[in-house]
Amino acid sequence: MTQYQAPLADMRFVLYDVLGAEALYARLPQCEGATRDLIDAVLEEGAKFTEQVLAPLNKTGDVDGCKLEGGAVRTPKGYKEAYEQFVANGWSGLVGPIAYGGQGLPESVGAVVKEMIDSANLAWGTYPLLSHGATESLKHVAEEWQREAFLRPIVEGRWTGTMCLTEPHCGSDLGLLKTKAEPQADGGYKISGTKIFITAGDHDFTENIVHLCLARLPDAPPGVKGISLFIVPKFRVDREGKMHGRNTVTCGSIEHKMGLKGSATCVMNFDAADGYLIGQPNKGLNAMFIMMNTARLAVGLQGLALIERCYQGARAYARDRLQSRSMSGPKRPDKPADPIIVHPDVRRMLMTCKAFAESGRALAYFACMQVDIVDRTADPEERKQADELLGFLTPICKGLMTEMACECTYHALQVFGGHGYIAEWGMEQYARDARITTIYEGTTQIQALDLLGRKILQGGPAACASSWR
Amino acid sequence: VRELAALQPGHGAAFRDAKFATARFYFQRVLPRVQAHAAAVKAGGLSLMALTEEAF
C-alpha cells in the first residue's frame, strides 16, 4: 500500500496561481494575517500531521471499526491519541473565530487542510468535520452566552459537535420530523425523540459532545415551518458554561456499514433531555441550513480527497506492476514486461482520476473562497454576489465531486486488477468509503433538486447569469 | 491556464506541461460527456415515466 503524500505543489498552484488567494486575503477585512509565509507553514505542518499521524490509522481503523460498550462508543485504536495531538497542535481552531479562541484563518485555507485530513483518513476526519458544522450554526444564530458556553469549547477542541436531523421515518423530507421540545419554567427545554445516522453521536475523544438537534415546539405549525433548533449537550451545561451531570441523551446502538467504519454512526435517544433553543422558534431550518451548507461543501471536499488518495495509489501501482509489452514496442526491455502505465486504457483511468483531482480542487477551493468573501467583505453588493455564487456552487461541489469519487475509486481499483479487490492494497476501502459521500448531507438527487429547483429556477436567470459571470 | 503558467515561472516546465496535458485530456476525453447528458435531458421525461407502476 502506498503512503499518502499531500500534493502540496498542486494545492499551492490552485490556491495562489489559479485563484489568487494572496490578493484576496490581503484585501478582505480580518484576513490580513493570512500571508503566504503563514499559509505555507500551515500547509507543511498539515502535510506532516496527516501523512504521519492520520494516514497510518486509516486501514487499522477500517479493520477495528467502532464498538459500543456499556452505552459508550469506543473508537478504533489510536484515533483518540490522534485527536489529542490534533488539538494540541492547534488544528481544531484553525478557522474558528478569534473571539472564541480560534485562529481565524480563511475557510479556503482550512479547506486545503481538510482535503489532507480526508485523503489521509476519511473516517477520522468526520469527527472534526461535524464540529465545524456546529461551529457555523453557533457563530451565526446563537446568543452570546451560548457562544461562550458551547462555541468556545468546540473551537478549542475540548468538545465536539453533531448534527441531529434524521429520524427513522424522516430522511430527506425534514417536514416529517417528530422529535418534541417542551418548554420549561427556567427557559430551557426538554427534548424527546429518536435520531438516527448521527455521525460522531458518541465517542471517546472529548469530555463533552454538543448535539445540535432539530425538534418541534408544542404549538409548532406542521411541516418544515415548524422546526426549531436546540443545543443538547451530552453532559448538562449551565448558562455560565459549567458542566454538570449526564444528560438523558444516549447512544442506543451504532450502525454496521459498508465503509467509513472508523466513524461512529449512532442512534441517539433523547429522553426528556435538557436543551436550549438556538435562534428563533420555528426558524430551525434556516439555522440548520447554515450548518448544512458548510457540511455539503465539506462532503464535496471528502470526494476530492478520495479522488486524490486513490489516484496516488493507482499511479504508484501502474508504475510498478509489470505486465505485457507496450503496443508500440517494449519500453523496458531490461525487464520481463513493461509497467502497466504504458497501456492506453490504464492511462485513461489514471488520467481521469488526475483530471478530476485537479479540476475538483480548483472548484472546491474557489467555492470556499466565496465563503470567505461572504463572511468578511465590507461591501454588501460583493457579499450578495458571493453568496449567490456559493449557493449555486454548493450542490455542484457536493454532487459532482462525490459522484466522481465513486467513479475514480472504481477506476483506481480497476488499475490494480485482482489486487484492487482484495483488502491488502487498500483500494477496496476507498471504494467502500466513497460510497457514503453521494448519500449523506443530501443525496445526489437532493443536490440536483436544490441546484435546479432552488438555485436555477427560483433564483431566476439573473442569479444564474451573475453566478456565471 | 497558458496565461497563468506564463505568469508563474516558479513552477518548472514539467509541472506546466503536465497541467496543459491534463487540461487537454479533460477537454477531449471527459467534457464530451456533457453532450450525452444534454441529449438525454432534451429527450424529456416521458419515456422515464411511461411504464405504469404495476409493470415494474
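A:Gly241 comes out as partly exposed, because its relative accessibility is 26% and the partly exposed class runs from 20% to 50%. This is a predicted model, so read everything here as a description of that model. A:Gly241 sits in the loop that joins strand S8 (235-237) to strand S9 (243-246) of chain A. Leaving out residues up to four places away in sequence, A:Gly241 touches A:Ala149 and A:Trp159. There is also A:Gln146, 95 residues apart from A:Gly241 along the chain, with 8.2 Å between the two C-alpha atoms.

**The loop between H9 and H10**

A:Lys335 belongs to the loop between H9 and H10 of chain A. At 33% relative accessibility, A:Lys335 is another residue that counts as partly exposed. Its contacts, again skipping residues up to four places away in sequence, include A:Leu322 and A:Arg325. Compare that with A:Lys283: the C-alpha atoms of A:Lys335 and A:Lys283 are separated by 68 Å, with their positions 52 residues apart along the chain.

A:Ser324 is found in that loop between H9 and H10 too. Its phi is near 65°, a positive value in a residue other than glycine. A:Ala272 is a further non-glycine residue with positive phi, near 50° in this case. A:Ala272 lies in strand S11 (residues 265-278) of chain A, and its relative accessibility of 31% makes it partly exposed.

On the other side of the loop comes helix H10. Does its length add up, and what span should one expect? With 33 residues (344-376) at 1.5 Å a residue, H10 of chain A should span 48 Å, and its end C-alpha atoms are 48 Å apart, which agrees. H10(A) is mostly covered, with 24 of its 33 residues buried.

**Empty space in the model**

Now for the voids. The structure holds 2 cavities of 30 Å³ or more, and there is a second largest pocket to look at as well.

| Space | Volume | Lining by class |
|---|---|---|
| Second largest pocket | about 1100 Å³ | 22 nonpolar, 11 polar and 10 charged residues |
| Largest cavity | about 350 Å³ | 12 nonpolar, 7 polar and 3 charged residues |
| Second largest cavity | about 30 Å³ | 5 nonpolar, 2 polar and 1 charged residues |

Which residues lie nearest the centre of the second largest pocket? Among its 43 lining residues, they are A:Thr166, A:Ile439, A:Tyr440, A:Glu441 and A:Gly442. Elements of chain A that each supply at least two lining residues are helix H7 (122-141), strand S5 (189-199), helix H9 (284-320), helix H13 (427-437) and helix H14 (444-458). H9(A) gives the most, with 6 residues.

The largest cavity has 22 lining residues, and A:Phe86, A:Trp91, A:Ser92, A:Pro128 and A:His132 are the closest to its centre. Here the elements supplying at least two residues each are helix H5 (79-88), helix H6 (107-120), H7 and helix H8 (144-155) of chain A. H6(A) provides the largest share of this lining, 7 residues.

The second largest cavity is lined by A:Met1, A:Thr2, A:Arg309, A:Gly313, A:Phe416, A:Trp425, A:Met427 and A:Tyr430. H9 and H13 of chain A are the elements that give two or more residues to that lining. Looking back, H7 turns up in the lining of the second largest pocket and in that of the largest cavity, while H9 and H13 contribute to the second largest pocket and to the second largest cavity.

**Chain B and its contact with chain A**

Chain B has 4 helices and 0 strands, running α-α-α-α from the N terminus on. Of its 56 residues, 12% count as buried.

How many residues does each chain bring to the contact? Chain B brings 12 residues and chain A brings 15 residues. Between them the two chains bury about 1300 Å², with 66% of that on carbon and sulfur atoms. On the chain B side, B:Lys19, B:Thr22 and B:Phe25 lose the most area to chain A, and together they make up 37% of what that side buries.

Notes
Residues are numbered from 1 along each chain as its sequence is written. Chains are lettered from A and ligands numbered from 1 in the order in which they are written. This is a predicted model: local features need pLDDT of at least 70, side-chain atom pairs count only at pLDDT 80 or more; totals for chains, interfaces and linings use all residues. Side-chain values use heavy atoms; hydrogens and water are left out. On a 1 Å grid over the protein atoms alone, a cavity is a set of points where a 1.4 Å probe fits but cannot get out, and a pocket is an open set with protein on both sides within 12 Å along at least five of seven lines; lining residues have an atom within 4 Å of a point. Grid points are joined across faces, edges and corners, and a volume is the space filled by probe spheres set on the points. Ala, Val, Leu, Ile, Met, Phe, Trp, Tyr, Cys and Pro count as nonpolar, Asp, Glu, Lys and Arg as charged, and the others, Gly among them, as polar. The expected span of a helix is 1.5 Å times one less than its number of residues. Buried means under 20% relative accessible area, exposed over 50%, partly exposed in between (1.4 Å probe, protein chains only). Contact means heavy atoms within 4.5 Å. Buried area is the accessible area (1.4 Å probe) that two parts lose on being put together, summed over both.
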